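I opened the model today to look up its pockets and two helix packings. My notes follow in the order I made them.

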Amino acid sequence: MKVPLVDLNAQHAELRGRLDAALKEVLDSGRFILGPNVQALEQEIAERCGVQYGVGVASGTDALKIALQALGVGPGDEVITTPFTFVATVEVIAQIGAVPVFADIDPATFLLDPERVREKIGPRTKAILPVHLFGQLADMDALCEIAEERGLLVLEDGAQAIGATRNGKAMGAFGHAATLSFFPTKNLGAMGDGGMIVTNDERIYEHCIALRMHGMPAGDYMYREIGYASRLDEIQAAVLRVKHQMLDEWNRRRVRNAGIYFDLLEGTEVVLPSTLEGNTHTYHQFTIRHPRRDQLQAYLKEREVGCGIYYPAGLHLQEAYASYGHREGDFPLTEQSCREVLSLPVHAHLSEDQVRFAAESIAQFCKESVAAV
């Protein structure tokens, strides 16, 4: 039985008629840049996140970079974040001349550890950039408390957590701003790239609007600063508006699939993911840990069960960031996680039989491993 890690064809088949109609409407309108679908989606996503403003941009990476600049982070400023994340989180800090400062994670949740963040605050610290990894929020209560105590900015990287909440409060409503990615494999994914910044701060909103349009705040060809050509495409916005109507249902299916893994893998040597108390989890990834991860991955591949390693190495050990002087052992919890993590198929278009087959394959691997010892 094939169990794909991602199946966008199945997702699009569910919505094919509605997607075709939305695309035709855009084509017939002749409006392709910052049209009515972008404006409507910005409002719809802002409402979902419990904030006033949304700014659609070309990618989740651009969202992070533009948001950091709009917050006033610049050369020489330090931004505390996690080394266990997709590279964009750290890449943008370096690109604007700021300095990424890493704090280790809680290996049970893979989320930034607030107490380790507190230890990293120094005189040049300007902001904290928590990542809502794999579909659940970081401990924003603790992180925002630390930020308020020390006068720091907070930018939420919500690329993997749209629809997730903490104590009833939505992703995006905690920090000074938050960012989303609409990369096709996300819980809410476009048919191309795209991203968004959400905020309650009108000043940040207006700054982001200017930065995405070459640093031109009023559309008058007068440029106040150096900006970007980073606008969410109207076609992508139309696609996202159709898919957004299904997001809650798709997230419920992900939670259902995660429940099957929990039921069938409890008691094995698999380390199952934990959900932070107070969080709802949307399972962008269902990420387990196993001491013989590479052997398990090969075993699943033989059975045509898709899986992925997110992430194979902490960013502090990546060649691109060697100039920051980190060594192996600096962030041991991240490093252990990188050796053991494996993400399993959990997307909304899996059948129950497919998820059971994947879980039973893992359980069988564990059983055979124990027997071989």
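Entry 1, the second largest pocket. I started with the classes in its lining: 8 nonpolar, 5 polar and 2 charged residues. I note here that the model is a predicted one. The lining takes in 15 residues. Nearest the centre of this pocket I found Cys144, Val154, Phe174, Gly175 and His176. Which helix gives the largest share of the lining? I looked it up: helix 7, residues 140-150, with 3 residues. The space in the second largest pocket comes to about 150 Å³.

Entry 2, the largest pocket. I read its volume as about 630 Å³. Its lining holds 37 residues, and Gln160, Phe183, Thr185, Lys186 and His284 are the closest to the centre. I then asked which elements give two or more residues to this lining. They are helix 1 (8-14), helix 4, helix 5 (88-95), strand 10 (177-181) and helix 10 (247-265). I also took down the classes: 17 nonpolar, 15 polar and 5 charged residues line the largest pocket.

Entry 3, helix 4 and helix 8. Helix 4 lines the largest pocket with two or more residues, and I followed it to its packing against helix 8. Helix 4 covers residues 60-70 and helix 8 covers residues 202-212. Their axes come within 9 Å and cross at roughly 125 degrees. At that angle, helix 4 is oblique to helix 8. I logged the crossing as right-handed. On the helix 4 side, the contact is made by Ile66, Ala67, Gln69 and Ala70. On the helix 8 side, I listed Arg203, Ile204, His207, Cys208, Leu211 and Arg212. By class, this contact divides into 6 nonpolar, 2 polar and 2 charged residues.

Entry 4, helix 2 and helix 9. Helix 2 is residues 16-29, and helix 9 is residues 234-244. Oblique or roughly antiparallel? I read the crossing angle as roughly 150 degrees, with the axes coming within 9 Å. The cut-off for roughly antiparallel is over 145 degrees, so helix 2 counts as roughly antiparallel to helix 9. Helix 2 passes helix 9 in a right-handed crossing. From helix 2, Arg18, Leu19, Ala22, Leu23 and Val26 make the contact. Helix 9 brings Glu234, Ile235, Ala238, Val239 and Val242. I sorted this contact by class as well: 8 nonpolar residues, 2 charged and no polar ones.

Conventions
Residues are numbered from 1 along each chain as its sequence is written. This is a predicted model: local features need pLDDT of at least 70, side-chain atom pairs count only at pLDDT 80 or more; totals for chains, interfaces and linings use all residues. Side-chain values use heavy atoms; hydrogens and water are left out. Axes are lines fitted to C-alpha atoms, for helices over the stretch in contact, and angles run from 0 to 180 degrees between N-to-C directions. Angles under 35 degrees count as roughly parallel, over 145 as roughly antiparallel, 65 to 115 as roughly perpendicular and the rest as oblique. A crossing is left-handed if the near helix is turned anticlockwise from the far one by less than a right angle, and right-handed if clockwise. Contact means heavy atoms within 4.5 Å. Ala, Val, Leu, Ile, Met, Phe, Trp, Tyr, Cys and Pro count as nonpolar, Asp, Glu, Lys and Arg as charged, and the others, Gly among them, as polar. On a 1 Å grid over the protein atoms alone, a cavity is a set of points where a 1.4 Å probe fits but cannot get out, and a pocket is an open set with protein on both sides within 12 Å along at least five of seven lines; lining residues have an atom within 4 Å of a point. Grid points are joined across faces, edges and corners, and a volume is the space filled by probe spheres set on the points.
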